[in-house]
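This report describes the strands, helices and surface of one chain, moving from one region to the next. Please keep the sequence and the structure in view while reading.

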Amino acid sequence: MERLWAAIARSAVCAGLLSLIVFVYLKPLQVNPTTVALSFLLAILSVAATWGLRYALPMSVAAALAFNFFFLPPIGTFAIADKKNWVALFAFLFTSGVASNLSERARRQTQEANRRRHEAETLYTFSQQLLVTENIIHLLQQIPRYVAETFGVSEAVLYVADKDQTYRSNPDRRELPTELLRETIVRGDVVIDRQQHRCLVPLRIGVRTVGALGMTGEPLSRETLEAMSNLTAISIERAGAVESLARTEAAREGERLRSALLDTVTHEFRAPLNSIQASVETLRKEPQLNHAQRDDLLVVIEEQKDRLDRVVREAVEMAQLDTSDVMLNMQPHPIRAAIDEALKDAKLAIDGHPVEVRLPDHLPPVAMDIDRVRKALQHLLENAAKYSPAGSPVFISCEAQGDRLIISIADRGAGISDLDRSMIFCKFYRGQGQPQPVHGAGLGLAIVKAVVEAHGGHIEVTSQPEKGSVFSFDLPLAKSSVEVDGGGDGISGQISSRMQPAQGDPPPSSTAIS
């Protein structure tokens, strides 16, 4: 109905335009027939360029009749007295028809060029969506939605042959069954059904068909469908390659972890087990040992048992943090409470290292799981003592910046090389190039990093050769204690502000522990 009313309105405009030319040249202006013919021709060309040949041809016939009736003698009749006027009339009719046809052709070519430009822009947008998608593994689920949004179709369905799975832009709509897409793969040709308003196209990589794509709505051109098919097929192949690469990397990482675990078992289990076995054999074979000697052997057994137990507990804790099995009990606590507990837990490891705690007065409470943070501080303290000469000091300092609390633990050890600094927070990694072998499973700093990141914080290490290292991390302050400060720096600025143990006097509230 809308098209009918549009056709009637355009026909009325054409008739009105001819009537206006006749009225202007017949009454106010007295012009020769040539001017009238050219004016009619100009109006016909304008209509042909705007609305096409279906309006221009009837208008040409009407203009020829009006030209004959009003401007060729005898005026007021359709008869023509002069034979030359017959030639002029037919020349006008022929010229208007040819010119209308050329104008219509130019109009169609312009429309086709605009359509192709629009399709190229749409395909470019579609390709960008496929290329910039970060989650490649879930790309197949997103492709139908991208097709529906980009090309304005009602429904888009993707069928992947290797997986035998169907992905839909709208799961509630089932206008295109999976069997129809399978038939498209077998047929191997583009299907454009304008009566049912649907398109089906196979997805090929070379001569191999990887799937099929179906759409309902306004049919697209064959060229667009083929280009869309190529882009989608490449995306499917890319997703498969990334998935395969991810599996390969996972297998490689698993192999690396197995090797690291075997290495840990070799170094961390064999030595204490040998010590325990030797002590037990000595107790059995030497019954004449005095009380002090037996106590020494029992102490060795107990220490090595604790060492084994520590390795197992660290491995379990790391596994829990990796799989997010641990729920953090976030409560406001003073950081001093966590530090004091960590110092008690690490007492044996830091024995012989004077520890200086530097805390400003009136530090706000921190939102944290105090048990997890205490363990993280314990690992950092033990790490500082482990890689520092006997008798060298260890420093603990805190500083509130914005809505974060910066905690730093510094030592006076040999420092950390650039290679170690890039790998130091990896699981099962132990520092290289140490003057003496250091016991440990290489899990302590990995646990610290996992705990800090679980609190939404960040940890990093700065080091200078022969001057020591500083491990610093940030924790969120409790919301009730955060004050609005317009001059606060961002976290990156907070982390870079580090305490240097060898410079300056101790700030207020320093506590020395030996």
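## Strand 12 and its partners

Nine of the nine residues of strand 12 (residues 468-476) are buried, so this strand is largely enclosed by the rest of the structure. The model is a predicted one, and the burial described here is read from that model. In a regular strand the side chains alternate between the two faces of the sheet. In strand 12, Gly468, Val470, Ser472, Asp474 and Pro476 point one way, while Ser469, Phe471, Phe473 and Leu475 point the other way, and all of them are buried.

Strand 12 pairs with strand 11 (residues 459-464) in the antiparallel sense, over six bridges, and within this pairing Thr462 stands opposite Val470 of strand 12. The two strands form a hairpin with three residues between them, in which Glu466 takes a positive phi near 65 degrees. Strand 12 also pairs with strand 10, again in the antiparallel sense, and here the pairing extends over seven bridges; Ile406 is the residue that stands opposite Asp474 of strand 12.

## Strand 9 between strands 7 and 10

Six of the eight residues of strand 9 (residues 394-401) are buried, and strand 9 is therefore largely enclosed by the rest of the structure. Strand 9 pairs with strand 10 (residues 404-411) in the antiparallel sense over eight bridges, with Cys398 opposite Ile407 of strand 10. These two strands make a hairpin that has two residues between the strands, and Gly402 in this hairpin takes a positive phi near 60 degrees.

The pairing of strand 9 with strand 7 (residues 355-358) is in the parallel sense and comprises four bridges. Here the bridge partner of Arg358 is Ser397 in strand 9.

## The open five-stranded sheet

Elsewhere in the chain, five strands form an open sheet in the order 2-1-5-4-3, with antiparallel pairing. Strand 2 (165-168) and strand 3 (191-193) stand at the edges and have a single partner strand each, so one side of each is left without a neighbour in the sheet. From one strand to the next, the twist of this sheet averages 15 degrees.

How many of the residues of strand 1 are buried? Six of the six are, so strand 1 is largely enclosed by the rest of the structure. Both faces of strand 1 are covered, with Glu155, Val157 and Tyr159 buried on one side and Ala156, Leu158 and Val160 buried on the other. Strand 1 is joined to strand 5 by six bridges, the two running antiparallel, and Val157 stands opposite Gly214 of strand 5. Four bridges join strand 1 to strand 2, which likewise run antiparallel, with Leu158 opposite Tyr167 of strand 2. Strand 1 and strand 2 also form a hairpin with four residues between them, where Asp164 in the turn has a positive phi of about 55 degrees. Towards the edge formed by strand 3, three bridges join strand 3 to strand 4 (residues 198-205) in an antiparallel arrangement, and Asp193 stands opposite Arg198 of strand 4.

## Helices across the sheet

Which strands does helix 5 (residues 139-151) lie across? Helix 5 lies across strand 1 (155-160), strand 2 and strand 5 (208-216), and runs at about 150 degrees to strand 1. Helix 6 (residues 178-187) lies across strand 1, strand 2, strand 3, strand 4 and strand 5, and runs at about 130 degrees to strand 5.

## A nonpolar patch on the surface

Val61, Leu65, Phe78, Trp86, Phe90 and Leu93 make a nonpolar surface patch of about 580 Å². The elements that give two or more residues to this patch are helix 3 (53-71) and helix 4 (83-132). Helix 4 gives the most, with three residues, and Phe90 is found in helix 4.

## The chain as a whole

The chain holds 13 helices and 13 strands, and buried residues make up 40% of its 514 residues. Of the contacts in the chain with a separation of 6 or more, 68% are accounted for by residues 24 or more positions apart. The chain exposes about 28800 Å², of which carbon and sulfur atoms supply 56%.

How values were computed. Residues are numbered from 1 along each chain as its sequence is written. This is a predicted model: local features need pLDDT of at least 70, side-chain atom pairs count only at pLDDT 80 or more; totals for chains, interfaces and linings use all residues. Side-chain values use heavy atoms; hydrogens and water are left out. Two strands pair if DSSP finds at least two bridges between them. Axes are lines fitted to C-alpha atoms, for helices over the stretch in contact, and angles run from 0 to 180 degrees between N-to-C directions. Contact means heavy atoms within 4.5 Å. Buried means under 20% relative accessible area, exposed over 50%, partly exposed in between (1.4 Å probe, protein chains only). Patches are made of residues with over 30% relative accessible area and no salt bridge: like charges are joined within 9 Å, nonpolar side chains (Val, Leu, Ile, Met, Phe, Trp, Tyr) within 5 Å. Accessible areas come from the Shrake-Rupley method with a 1.4 Å probe; for residues, only the protein chains shown count as cover. A salt bridge is a side-chain nitrogen of Lys or Arg within 4 Å of a carboxyl oxygen of Asp or Glu.
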